[in-house]
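Biologist: Please take one part of this model, the pairing of its strands, and go through it closely. I would also like to know what packs around that part.

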Amino acid sequence: MHTEESRVNPQPTMEAKRNRSLTIGIVVAMEHEFNAVRGELLPEAPVEAVDCSQLVQGESDGARYVIFQSGIGTTNAAAGACDLIARFQPHCLLNLGTTALIYDPGHGLEVGNVVAGELHQQWDLDIGGPI
């Protein structure tokens, strides 16, 4: 017989939610992107090998970060995002570097600009990495 106190509540309590630090997931494609983001956020955290890739996790500025290198292509980015979500349940997920061609007739874009697309066409090219 179960009493109210002995039942397991599958939903986290409000206190548990407040005490859980913000988890930010970041997916990047290439090793130099991984190293650059890691160098800024978690330079001392150890790198973990994961299947054909790598990840690093740790705390910085009051938040928990998980940085995952997925490999090149939207298919790898989607698979990496799914893995990261399943394993770490981040509060938000940033996918860095998913772009190939931007039509910029006025040449007003600079490195570091944030671009929000109006049209998306998807294709993947096998450029030598795991798909």
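Modeller: Two strands count as paired if DSSP finds at least two bridges between them. The strands (E, at least two residues) and helices (H or I, at least four) are themselves DSSP runs, numbered from the N terminus. The model is predicted, so local features need pLDDT of at least 70 and side-chain atom pairs pLDDT 80 or more, while totals for chains, interfaces and linings use all residues. Residues are numbered from 1 along each chain as its sequence is written, and side-chain values use heavy atoms, without hydrogens or water.

The protein contains three helices and five strands, in the order α-β-α-β-β-β-α-β from the N terminus. The five strands form an open sheet with mixed pairing, ordered S2-S3-S4-S1-S5. S2 (47-50) and S5 (92-95) are the edge strands; each has a single partner, so one side of each has no neighbour in the sheet. From one strand to the next the twist averages 20 degrees.

At the S5 edge, S1 and S5 run parallel and are joined by four bridges; here Ile26 is opposite Leu94 of S5. At the other edge, S2 and S3 are also joined by four bridges, but run antiparallel. Val47 faces Val56 of S3 in this pair. The S2-S3 hairpin leaves two residues between the strands, and Asp51 has a positive phi near 50 degrees there.

Two helices pack on the sheet. For H2 the contacts (heavy atoms within 4.5 Å) involve S1, S2, S3 (53-60) and S4, and its direction makes about 165 degrees with that of S4. H3 (residues 74-88) touches S1, S2, S3, S4 and S5, at about 160 degrees to S1. These angles run from 0 to 180 degrees between N-to-C directions, with axes fitted to C-alpha atoms, for helices over the stretch in contact.

The largest nonpolar core has 11 residues, including Ile26, Phe34, Val56 and Tyr65. A core of this kind is a set of buried Ala, Val, Leu, Ile, Met, Phe, Trp, Tyr and Cys residues joined through side-chain atoms within 4.5 Å. Buried means under 20% relative accessible area (1.4 Å probe, protein chains only), exposed over 50%, partly exposed in between. S1 (23-28), H2 (31-41) and S4 (63-69) each give this core at least two residues. A separate core of eight residues includes Val27, Val50, Val66 and Phe68. Ile24, a member of the 11-residue core, touches Ala63, Arg64, Tyr65, Val66, Pro90, Cys92 and Leu94, residues up to four places away in sequence left out.

Two serines of S3 deserve a separate look. Ser53 belongs to S3 and is buried, at 18% relative accessibility. Beyond four places in sequence, Ser53 contacts Glu48, Phe68, Gln69 and Ser70. Ser60 lies in S3 as well and is buried at 16%. With neighbours within four places set aside, Ser60 contacts Leu41, Leu42 and Tyr65. The Ser60 side chain reaches the backbone oxygen of Leu41 at 3.4 Å.

As for the whole chain, 25% of its 131 residues count as buried. Of the contacts with a separation of 6 or more, 58% are between residues 24 or more positions apart.

Note on methods
Polar contact = N/O pair within 3.5 Å; in protein donor to acceptor, adjacent residues only side chain to side chain.
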